[in-house]
Amino acid sequence: MNFDRHTDLSRRRLLGAGFAISGLALAGCASAPSSGPSIGRVVIVGGGFGGSTAARYLKLWGGNVDVTLVERNPSFISCPISNLVIGGHKQMADITRGYDGLRALGVKVVQGDVTAIDAAGKKVRLAGGGELAYDRLILSPGIDFMLDGIGGLAAALDSGRVTHSWKAGPQTVALRKQLEAMPDGGVFALSIPKVPYRCPPGPYERACMVASYFKVAKPRSKVLVLDANPEITSKKGLFEKAFKDHYAGILEYRANNELKSVDGTTAKLEFDDVKADVLNVIPPQRAGDIARSAGLVNMNDRWVGVNWLTMESTARPFIHVLGDATFPAPLMPKSGHMANQHAKVAAAAVIQLLKGEAVNATPVVMNTCYSFVTARDVVHVASVHQYDDKDKTFKTVPGSGGVSAAANQVEGRYALAWADNIWADMLAL
Ligand SMILES: Cc1cc2nc3c(=O)[nH]c(=O)nc-3n(C[C@H](O)[C@H](O)[C@H](O)COP(=O)(O)OP(=O)(O)OC[C@H]3O[C@@H](n4cnc5c(N)ncnc54)[C@H](O)[C@@H]3O)c2cc1C
């Protein structure tokens, strides 16, 4: 049993680490991480799923690339598994990791905020006034929120009355505390924006995790899911079954319930007002602020268009953009796993561009997203995406991927192993 499990987890680790196949990995160039003269300076903004992975793989594959990673937070805190913290099944320490593994590989990790990008001068400005020059810039800034369309939301979030908890960290802790303080018999309302947003199944997992907490600790309480979408946007049948089998009488799902404004902890919808004891609003999203201020947002006024062979922005040369900030290829999810895969495509391409070599013309990336429906039972959705030269985009490989047949505890173990493995893969743990 243990052997099987070990073999399976190791296989998963290899898949996670190497599936975004680059010509470099196959050609055996993953040697001599820092020998010889530097082939160039790469600055990376954002030490989340995309940026950290890019930093590590530039060092692993790069011969000798001078890599500086700028991240505003002192440690990495993972959104994946953060819903379990909100449900009381995990602690913040379980989802927090440091950057020492990257430092040990020779990555210069700078804790700071990049406030501006001078694309013509090829440098970034830091909040303290310093500047970093680059030959290639990689941005993986994640998302920021579009608050203007929902009256009162910005003030409600600022006051701490309402949480988003869609960036893990203090917001995760704040929501957990509100749930603990809520009296039995209270109402937790969760507002979900229209797609696209980061992690399509994440809100439904959150609803399950809060309901699992109420079921044991506050059985007279209710979870009200107010979804702006016409139906559950990911793993629909599996979530519907979980709502019915585990949370009947606790969890109520309402489709087509777009949030219009917030007053205190009352959610104001088009035809209805919902008074909640704890109101959690996942706001509509767009590419992170720094991508916007750098003039990179050129798709639907929200996202960054990229060349999928290199992840280079279609708006500005020498700047590569990864992860949630990008305008996705068809059916490509905004996920940590996908940001990790983007990073491997970008790391390989940046090295090849710095060396004046051709980039890999046939990249393949994949994604698996696990969701907890109880503290132990998990469901997954997976997909494989191959570059299509004719349409210059990634397309899903017919017959690849799919969803779990049913929620199960084996996938519960896989989900936790997936998290450990991807954190190790990106942060060199
Ligand atoms: C509740 C929840 C559950 C999720 N579960 C899963 C899951 O199970 N599986 C999965 O694959 N994905 C999951 N996701 C989605 C996943 O978290 C994101 O898709 C992923 O984080 C995107 O990676 P990224 O590199 O684009 O952005 P991020 O990981 O958000 O990284 C962006 C980083 O950039 C930093 N930054 C931004 N601007 C600046 C600046 N100007 N200067 C310095 N630093 C800056 C930020 O501090 C941040 O650390 C989940 C998300 C949520 C909210």
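In which sense do strand β7 and β8 pair, and over how many bridges? Select residues 123–126 to light up β7, then add β8: the two pair in the antiparallel sense, over 3 bridges. Keep in mind that you're looking at a predicted model.

While you're there, click on K123; opposite this residue, in β8, stands A133. Now bring in β6 as well, and you have an open sheet of 3 strands in the order β6-β7-β8, with antiparallel pairing. Its edge strands are β6 (114–118) and β8 (131–133), each pairing on one side only. Ignoring direction, neighbouring strands here are turned by 20° against each other on average.

Next stop: another sheet. This open one has 4 strands, ordered β13-β12-β11-β17, and the pairing is parallel. Select 251–254 for β13 and 278–281 for β17; these are the edges, each with a single partner strand, so one side of each has no neighbour in the sheet. From one strand to the next, the twist averages 15°.

Zoom in on β11 (187–192) and β12 (222–227), which pair in the parallel sense over 6 bridges. Pick A189 and you'll find L224 of β12 opposite. Then show helix α7, residues 170–181: α7 packs on the sheet, touches β11 and β17, and its direction makes about 155° with that of β17.

Last, a pair of helices. Select 202–217 (α8) and 236–247 (α9); their axes come within 11 Å and cross at roughly 5°. That angle is under 35 degrees, so α8 and α9 are roughly parallel to each other. Show side chains at the contact, including Y204 and C208 of α8 and F239 and F243 of α9. By class, this contact has 7 nonpolar, 2 polar and 2 charged residues.

Notes: Residues are numbered from 1 along each chain as its sequence is written. This is a predicted model: local features need pLDDT of at least 70, side-chain atom pairs count only at pLDDT 80 or more; totals for chains, interfaces and linings use all residues. Side-chain values use heavy atoms; hydrogens and water are left out. Two strands pair if DSSP finds at least two bridges between them. Axes are lines fitted to C-alpha atoms, for helices over the stretch in contact, and angles run from 0 to 180 degrees between N-to-C directions. Angles under 35 degrees count as roughly parallel, over 145 as roughly antiparallel, 65 to 115 as roughly perpendicular and the rest as oblique. Contact means heavy atoms within 4.5 Å. Ala, Val, Leu, Ile, Met, Phe, Trp, Tyr, Cys and Pro count as nonpolar, Asp, Glu, Lys and Arg as charged, and the others, Gly among them, as polar.
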